[in-house]
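Let's take a walk through this structure together, one piece at a time. Keep the view open beside the text as you read.

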Amino acid sequence: MKIVVCIKQVPDTKGGVKFNPDGTLDRGAMLAIMNPDDKAGLEAALRLKDQYGAEVTVLTMGLPKATDVLREAIAMGADKGVLVTDRVLGGADTWATSTTIAGALRNMEYDLIITGRQAIDGDTAQVGPQIAEHLGLPVISYAQDIKVEGDKVVVQRQYDDRYHVVEVKMPALVTALSELNDPRYMTPGGIFDACKAEITTWGRADLKDVEDGNLGLMGSPTKIAKASDKVRKGAGEKVTPDSPDEAVAYIVGKLKEKHVI
Amino acid sequence: MDFTLSKEHEMARQLFKDFAENEVKPLAQEIDEEHRFPRETVEKMAKYGFLGIPVPKEMGGQGCDILTYAMCVEELSKVCGTTGVIVSAHTSLCVDPILTYGTPEQKEKYVPDLASGKKLGAFGLTEPGAGTDAQGQQTKAVFDEATNEWVLNGSKCFITNGKEADVYVIIAVTGKVEKRGRIQKEISSFIVEKGTPGFTFGTKENKMGICASSTYELIFTDCRIPAGNLLGQKGKGFAIAMHTLDGGRIGIAAQALGIAEGALETTIEYVKERKQFGRSIAQFQNTQFVLADLATKVEAAKLLVYKAARKKDEFQAGAKVSYSVEAAMAKLYAAEVAMEVTTKCVQLHGGYGYIKEYNVERMMRDAKITEIYEGTSEVQRMVISGSLLK
């Protein structure tokens, strides 16, 4: 079985988000980590490898520095790493990113593609399903458990109050949740091997069946008007009206005050 | 001269740091209070290869260098001195001498299980009357030609990983030799397995610090071990022990460095939060200057420890160099810095520093042993001055 795990290097948002004066993310000021959902997806792939002897390839798009997450993945047990990097691919939104990744995947063999549900720097949850759409593959998103039975993948898809068990014939794409598992650590020897491992690097010319108009900033329909850090909510206001009518009047008054109604 | 760590070492440090924060720190206080050996942590470290870091891959190890190993002990010791010394004693004092002096058969039999952490190692040199003074050894090994066995009698004390280990490197007297016209004890080293008839454990030591470490007396009463368990040549045991301790000192220096760094990091957080006279105590110049001095000493200790580790790496790679003096300097300085840093960090914590809920109290107790075991600070000074005045 061949598994490709799509991973992304993201700024660690644990210590808050830092912005450049122009509103874009100041990535240099933040620690770069492997996106947590992607890491869980990688762990799921490595468990399938432990169980069935699968070959696991990790794929990422980003700056040359993104090889760090590929090496981390190899140090955890992945077999190969592929970096897609090119100046013309920069500034991509989810559409341009999924087009690029699909263009890379068309060069690769796979039975199963695993992506994280969403990246902590964008929180769109769109890239995984979009890749599946580009490649004409079935997609099961929000996986909290992944099993392989013969030529099928059986997934527990998470909902707010329940989960669905969905099975699909491979090849297929699954998007993983960070709750899926506790990713393993790297090993010291794995790190030394990973740093010597050759990373396959592809540019625009290596992408298959993609059009320039769908790539990079120019190919991105999304335009970011403004970005800001999460605003901390205050403690709120507690009121204890004497009757339901008073409560309704109070709420309606507040909604009017905020021009909601 | 390049002070930049390689990508491998940076990644390895992050790994050890994450592991220490997530797996070791949550247990540190509890195992100290309960004097409980952290078997569960040892199993996790085994799973991730921490017990065979500088061991070649073909022997079941991780194939990394001594610097990586030292960084592992350092990061573990930042949060728990006990966990640091478990790895150090196992790797430097048991795996290393078997790898260095063992026959191909001995290496094949013992190293893969030790490197994978399936088995834990320990080293027995110290006796009630012989620590640094190896000639004071009383434990005897007599060869029984009839059975082709060595018969061990005597005891060893203060043995780290004492009751928890499976494989022990033991130093014993095998006869007398004439050296420069004087009759001296002939000393040899042996590999002894737990469970060998005649090998039992005495009392568990009740210590000031590294309380979760298993420190025991080992007792040998007509303990018969196969002839093939002689480690290295007969009569070379003293040289083997001294060489082993040279490597061990790098591990203990890394432990001391980690304890000092851990105490400093904790204290930096504390002084920013602790308020007195209407402002944080970090705003007082006394706090600032004390921290500046401590940080400078920690950095100096780190350079000495890493330099010693690098020198041993050169030796392992085949260079004809000795790392004995570098290891002694690193251990001497890092241990004394650990003691000074932890003592001053307790002081900066004020009354809370004396309370067990605050980790610096444990760190100060743990720091003290680094000035004592694997050669006291005085012995390190003897080693260093010996090289200056020879």
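A good place to begin is helix H1 of chain A, residues 36-52, in what is a predicted model. At 1.5 Å a residue, the 17 residues of this helix should span 24 Å, and its end C-alpha atoms are indeed 24 Å apart, so expectation and model agree. H1(A) is mostly covered, with twelve of its 17 residues buried. Follow the buried residues along the helix and you will pass A:Pro36, A:Asp37, A:Asp38, A:Lys39, A:Ala40, A:Gly41, A:Leu42, A:Glu43, A:Ala44, A:Ala45, A:Leu46 and A:Leu48. After the helix comes A:Gly53, which has a positive phi, near 75°.

Now step back to take in chain A. Six helices and eleven strands make up its secondary structure elements. Its C-alpha atoms fill a box of roughly 70 × 45 × 40 Å along the principal axes. Of the 261 residues in chain A, 39% are buried. Among contacts in this chain with a separation of 6 or more, 70% link residues that are 24 or more positions apart.

A few backbone details in chain A deserve a visit. Between strand S9 (163-169) and strand S10 (172-176) there is a loop that holds A:Pro171. The peptide bond leading from A:Met170 into A:Pro171 is cis, with omega near 5°. Then look at strand S7 (residues 139-149), where A:Tyr142 lies. A:Tyr142 is not a glycine, yet its phi is positive, near 55°. Is A:Tyr142 buried or exposed? It has 22 other C-beta atoms within 10 Å, and therefore counts as buried. A:His259, in the segment after helix H6 (244-257) of chain A, is another residue other than glycine with a positive phi, here near 60°. A:His259 has 6 C-beta neighbours inside 10 Å, so it counts as exposed.

From here we can cross to the other chain. Where the two meet, 15 residues of chain B are in contact with nine residues of chain A. On the chain B side, H1(B) gives the largest share, seven residues. That side as a whole consists of seven nonpolar, four polar and four charged residues.

H1(B) also has a partner within its own chain. Helix H1 (residues 7-34) of chain B packs against helix H3 (residues 66-79) of chain B at an angle of about 30°, and their axes are 8 Å apart. The two helices are therefore roughly parallel to each other, and their crossing is right-handed. From H1(B), the residues in this contact include B:Phe16, B:Ala20 and B:Val24, while those from H3(B) include B:Leu67, B:Met71 and B:Leu76. By class, the contact has ten nonpolar, two polar and six charged residues.

To finish, move along chain B to helix H8 (residues 324-349) and helix H10 (residues 377-388). Their axes come within 9 Å and cross at roughly 145°. This crossing is left-handed. Among the residues making the contact are B:Val325, B:Met329 and B:Leu332 of H8(B), together with B:Gln380, B:Val383 and B:Ile384 of H10(B). Sorted by class, the residues of this contact are seven nonpolar, four polar and three charged.

Conventions. Residues numbered from 1 in each chain as written. Chains lettered and ligands numbered in written order. Predicted model: local features only at pLDDT ≥ 70, side-chain atom pairs only at ≥ 80, totals over all residues. Axes fitted to C-alpha atoms, helices over the stretch in contact; angles between N-to-C directions. Helix = DSSP H or I, 4+ residues; strand = E, 2+ residues; numbered from the N terminus. Parallel < 35°, antiparallel > 145°, perpendicular 65-115°, else oblique. Left-handed = near helix turned anticlockwise from the far one by under 90°. Contact = placed C-beta atoms within 7 Å. Nonpolar A, V, L, I, M, F, W, Y, C, P; charged D, E, K, R; others polar. Expected span 1.5 Å × (residues − 1). Buried ≥ 20, exposed ≤ 12 C-beta atoms within 10 Å, placed from the backbone.
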